[in-house]
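Work through the following exercises with the sequence and the model at hand. Each task is followed by a worked solution.

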Amino acid sequence: MGELKHRSLVTAQERLRDQVAHQLRAALIAGELRPGSVYSAPGLAADFGVSATPVREAMLDLAREGLVEPVRNKGFRITEVSERDLDQYTEIRALIEVPVVGQITRTADRAQLEALRPVALEIVAAARAHDLIGYLEADRRFHLELLGLSGNDRLVETVGDLRKRSRLYGLTRLDERNQLLPSAEEHGELLDVMLTGDAEAAESCMARHLGHVRSLWARPEEPLVPHPQRPLDVRQG
């Protein structure tokens, strides 16, 4: 009996760590945690309304992904991604995703592609509502579920890791400039092209979409007013 209770406790702790890690990734991508800055686990825990332990564990998970690096006796520094890094991540994604989209266009049936339509619409709705976390989650699901139609799980994992490392910098700034919506609408356009069965046109559309995302990253930096962290919702369910 005691063993089952202990197992339940461990599961709950792991779930909280995963939730904290998700919120930290969202804050990184939205620009709320600044590259080069050092954050302590207790300080972040106070912002999220949780204890320091799951925050420290979540930051160690992010360190393994290359998103942060431990700083002895201080906390964790947000790793900086250079223009060269972003160019290389985009190049690798293009080498993978462009031909795979062509392959999927030739092999997927109409129902499989149309099943992604609600996610594409969700991306647009989130952009219109200025819901950055919703935008990021829907965008991630669209791209990874689309690539999943290839049947290659390792490929999906690789692109998922590249997305984490590139982090779609500056979404807050782009949202303030109303530049997220055009990028959001490209997901529906990609589906439309794929549904025609024209693999070459689909590859061109995907290449253009990735290039658009990279051009948005490259815009000059402007000061951002940090957004206060919302308390983490740790309700079970």
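The exercises below treat confidence, one helix and one strand residue of this predicted model.

**Exercise 1.** Determine which element of the chain has the lowest mean pLDDT and which the highest.

*Solution.* Begin with the whole chain: its mean pLDDT is 82, and 81% of its residues reach 70 or more. Next, compare the elements: helix H1 (residues 2-30) has the lowest mean, 67, while helix H5 (residues 110-114) has the highest, 97. Then inspect residues 1-10, where the pLDDT is below 50 and the model shows 0 contacts beyond near neighbours in sequence. Residues 219-237 also stay under 50, yet the model has 37 contacts for them beyond four places in sequence. Where pLDDT is low, predicted coordinates should not be read in detail.

**Exercise 2.** Establish how the buried residues of helix H3 are arranged about its axis.

*Solution.* First, take the span: the 13 residues of H3 (residues 52-64) reach 19 Å from first to last C-alpha, close to the expected 18 Å. Second, list the buried positions: Pro-54, Val-55, Ala-58, Met-59, Asp-61 and Leu-62. Third, look down the axis of H3: these buried residues fall within an arc of 155°, so they line one face of the helix. Finally, just after H3, Gly-66 adopts a positive phi of about 85°.

**Exercise 3.** Decide whether Val-71 is buried or exposed, and identify its contacts.

*Solution.* Locate Val-71 in strand E2 (residues 68-71). Its relative accessible area is 16%, which is under the 20% cut-off, so Val-71 is buried. Setting aside neighbours within four places in sequence, Val-71 contacts Val-38, Phe-76 and Arg-77. As for Ser-40, 31 residues separate it from Val-71 in sequence, and the C-alpha to C-alpha distance is 9.3 Å.

Conventions
Residues are numbered from 1 along each chain as its sequence is written. This is a predicted model: local features need pLDDT of at least 70, side-chain atom pairs count only at pLDDT 80 or more; totals for chains, interfaces and linings use all residues. Side-chain values use heavy atoms; hydrogens and water are left out. Helices (H or I, at least four residues) and strands (E, at least two) are DSSP runs, numbered from the N terminus. The expected span of a helix is 1.5 Å times one less than its number of residues. Buried means under 20% relative accessible area, exposed over 50%, partly exposed in between (1.4 Å probe, protein chains only). The arc is that of the directions from the helix axis to the C-beta atoms. Contact means heavy atoms within 4.5 Å. pLDDT is the predictor's confidence in each residue, from 0 to 100.
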